Amino acid sequence: VTPYTGVPGTKHERTFIAIKPDGVERGLISEVIARFEKKGYKLVALKLMTATEARARDHYADLAGRPFFGGLVKYFSSGPIVCMVWEGTDVILTGRKILGATNPNQAAPGTLRGDNCISTGRNLVHGSDGPDSAKHEIGMWFTQAEIQDYTRSIDEWVVSDN
Ligand code: GDP
Ligand code: MG
């Protein structure tokens, strides 16, 4: 059984991806999910919820000293977000590439941020930035019972061991 926060460096690597309130409001939920789904990653957890300001502060605790922190907390807790855990080889780093750079104007065309937004303060999506934050974020947004361990019949067409 895979530990519910995943095993970085294996095909059971997991990352926390969230669609921020602007993405939900703008009707971009399916766009974000489609990108990860088409790539071949496996969705193992999904929920719509509204973060309290306290939770938003916790989630972004490493940015607490920054001038934009207050605005960021208000933004992130301003409406429903879609919380997800995606699994697959290299999903943490590759997931970040699918999102694109933090500043949408530096995000390459073809990325979610590059194609769908223009302000750093309204940049649509969140993704864990490394193995430690993935583990921490999956643990803070989900309980073990909310994560599904399952095998897809398509996996033999997506996942090769060599
Ligand atoms: P991420 O990992 O790419 O999301 O970027 P960071 O971890 O550096 O920052 C977290 C989030 O804070 C970003 O996604 C933005 O929503 C927000 N943020 C970061 N830098 C700025 C900034 O300079 N101005 C504003 N308004 N928001 C920022
Ligand atoms: Mg970050």
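These legends describe close-up views of a predicted model. Local features need pLDDT of at least 70 and side-chain atom pairs pLDDT 80 or more, while totals for chains, interfaces and linings use all residues. Residues are numbered from 1 along each chain as its sequence is written, and side-chain values use heavy atoms, without hydrogens and water.

**View 1. Annotated binding site.** UniProt (unreviewed entry) places the feature "binding site" at Lys 20, Phe 68, Arg 96, Thr 102, Arg 113 and Asn 123; such annotations may be inferred rather than shown by experiment. The lining of the largest pocket takes in Lys 20, Phe 68, Arg 96, Thr 102, Arg 113 and Asn 123. A pocket is an open set of points on a 1 Å grid over the protein atoms alone where a 1.4 Å probe fits, with protein on both sides within 12 Å along at least five of seven lines; lining residues have an atom within 4 Å of a point.

**View 2. Surroundings of Lys 20.** Lys 20 sits in the loop between β1 (14-19) and α1 (21-25) (DSSP runs: helices H or I, at least four residues; strands E, at least two). Lys 20 is buried, at 5% relative accessible area (buried under 20%, exposed over 50%, partly exposed in between; 1.4 Å probe, protein chains only). The side chains of Lys 20 and Asn 123 form a polar contact of 2.7 Å (N or O atoms within 3.5 Å; within protein, one able to donate a hydrogen and the other to accept it, and residues adjacent in sequence counting only if both atoms are side-chain atoms).

**View 3. Phe 68.** Phe 68 lies in the loop between α3 (53-59) and α4 (69-76). Its relative accessible area is 40%, so Phe 68 is partly exposed.

Notes. Chains lettered and ligands numbered in written order.
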